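Let's take a walk through the inside of this protein, starting at a strand pairing and ending at a small empty space. Here is the sequence with its structure.

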Amino acid sequence: MSDTIITRCDDLPEPKELAEAYELELQSQNGQPIRFGELVAGKGGQITTIVVFIRHFFCAYDQDYVRVASRRLTDSVLATLPNPTGPSQLIIIGCGDPQRIVPYVSETEAAFPIYTDRKGKIYEKLHMKRTRSHITQPPPYTQNSFLSALGKTLKQMFCSGWQAFLGGSWGQNGGEWVFRGGKPVYVHRMEHVSDHLTADQLLEVLSHDKPA
């Protein structure tokens, strides 16, 4: 990941692509559809929305990431961020079947709403990358070694029965987005499997008035 956290404005999608992304439907844990645009702008212009796109639901690295972020980015922290960010909400979007959301929340103790796009259209529209690069290099937000993470993933899949095939694409990576007034002001697309912004890096991003 680059040492410079704030991305250039030209890393943001074109207006036409954003408009198309806003119209894409995601699913909640009960399979109910909701437009992406409603999630990032539905609470009005005074709310900053942080969107974390995760990898497949069985990724042990990402499960640790969500667990750590839930403990660090609590409701009280998000509700009291200073200007220019102000009150914030964080949502998580996955790429597996909605049936895997409830088990994911149980495994990660996720404190944030989770939605999913099992066809991965939102990932494609927002130019998220696909790679398994660095899969053997654990990120800073996990205490698992590669072999430990792999073992945990395989155990979860085995215990899930036929749902083992509903976690999402193993090659799909995600990233972190910040929306203000319904418009994106920051984007970090994962370059490889172990490349989420940490919770503290997200807080640093939120402290900036606008992308560099």
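## Strands, cores and a cavity

Ile-50 has Val-178 as its bridge partner in strand 6. Before going on, note that this is a predicted model, with residues numbered from 1 along each chain as its sequence is written. Local features need pLDDT of at least 70 and side-chain atom pairs count only at pLDDT 80 or more, while totals for chains, interfaces and linings use all residues, and side-chain values use heavy atoms, with hydrogens and water left out. Strands (E, at least two residues) and helices (H or I, at least four) are DSSP runs numbered from the N terminus.

Back to the sheet partners. Strands count as paired if DSSP finds at least two bridges between them. Here's how the pairings around strand 3 (48–53) and strand 6 (175–180) look:

| Pair | Sense | Bridges |
|---|---|---|
| Strand 3 and strand 6 | antiparallel | 6 bridges |
| Strand 6 and strand 7 | antiparallel | 6 bridges |
| Strand 3 and strand 4 | parallel | 6 bridges |

Ile-50 also has a bridge partner in strand 4, namely Leu-90. Next door in sequence, Val-51 pairs with Trp-177 of strand 6. Over on the other pairing of strand 6, Glu-176 sits opposite His-188 in strand 7. Strands 6 and 7 make a hairpin with 2 residues between them, and Gly-181 in the turn has a positive phi of about 60 degrees.

How covered are these strands? In strand 3, 6 of 6 residues are buried (buried is under 20% relative accessible area, exposed over 50%, partly exposed in between, with a 1.4 Å probe and protein chains only). Thr-48, Ile-50 and Val-52 point one way and Thr-49, Val-51 and Phe-53 the other. Strand 6 also has 6 of its 6 residues buried: Gly-175, Trp-177 and Phe-179 go one way, with Glu-176, Val-178 and Arg-180 going the other.

Now for the greasy parts. A nonpolar core here is a set of buried Ala, Val, Leu, Ile, Met, Phe, Trp, Tyr and Cys residues joined through side-chain atoms within 4.5 Å. The largest one has 27 residues, and Leu-73, Leu-90 and Ile-92 have the most contacts inside it. Helix 8 (199–206) is among the elements giving it two or more residues, and in fact gives the most, with 5. A second, separate core of 23 residues includes Leu-18, Val-51, Ile-93 and Phe-179.

Helix 8 is mostly covered, with 6 of its 8 residues buried: Ala-199, Gln-201, Leu-202, Leu-203, Val-205 and Leu-206. Those buried residues pack against strand 3, helix 3, helix 4 (75–79), strand 6 and strand 7. Contact means heavy atoms within 4.5 Å. Leaving aside residues up to four places away in sequence, Leu-73 touches Leu-78, Leu-90, Phe-112, Ala-199, Leu-202 and Leu-203.

And the empty space? A cavity is a set of points on a 1 Å grid over the protein atoms alone where a 1.4 Å probe fits but cannot get out, and its lining residues have an atom within 4 Å of a point. There are 2 cavities of 30 Å³ or more. The second largest holds about 40 Å³, the volume being the space filled by probe spheres set on the points. Its lining includes Leu-73, Leu-90 and Ile-92, along with Phe-112 and Leu-202. Helix 3 supplies the largest share, 3 residues, and the lining has 9 nonpolar, no polar and no charged residues.

Conventions
1 Å grid on protein atoms, 1.4 Å probe; cavity = no way out; pocket = protein on both sides within 12 Å on 5 of 7 lines; lining within 4 Å. Nonpolar A, V, L, I, M, F, W, Y, C, P; charged D, E, K, R; others polar.
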